[in-house]
Amino acid sequence: MSSEAVKIRIGVRAARELELEVADADAFVKSFEKAVGDGESVLWVEDVRGRRHGLIVSSIVFVEVDRELEGPGVGFG
């Protein structure tokens, strides 16, 4: 085991959402579908900062993929 200290944050069961930025949304969706289809208990996801997140598949209620706008927004929002 490495002697380098690494911060780990563990979430407990609660009514909340986890928001992650991933480099490839399609790859995430495919890995999620595979995890559900194969009956895997944990889905590991790496965000754009290189942090790894272990998600308990049976605890996932929904997945929303929100692609950011490529240009500046129009309007008052």
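A residue is called buried when its relative accessible area is under 20%, exposed when it is over 50%, and partly exposed in between (1.4 Å probe, protein chains only). By that yardstick, 13% of the 77 residues in the protein chain are buried. What you're looking at is a predicted model, where local features need pLDDT of at least 70, side-chain atom pairs count only at pLDDT 80 or more, and totals for chains, interfaces and linings use all residues. Residues are numbered from 1 along each chain as its sequence is written, and side-chain values use heavy atoms, with hydrogens and water left out.

Let's start with the layout. The chain has one helix and two strands, running α-β-β from the N terminus on. Helices (H or I, at least four residues) and strands (E, at least two) are DSSP runs, numbered from the N terminus.

Now for the inside. A nonpolar core is a set of buried Ala, Val, Leu, Ile, Met, Phe, Trp, Tyr and Cys residues joined through side-chain atoms within 4.5 Å. The largest one here has seven residues: Phe-28, Phe-32, Ala-35, Leu-43, Val-45, Leu-55 and Val-57. Helix H1 and strand S1 (42–46) each chip in at least two of them, and H1 gives the largest share, three residues.

Back out on the surface, Glu-17 sits in the segment before H1 (25–38). Glu-17 counts as exposed because its relative accessible area is 61%. Ile-10 also lies in the segment before H1, and its 72% relative accessibility is why Ile-10 counts as exposed too.
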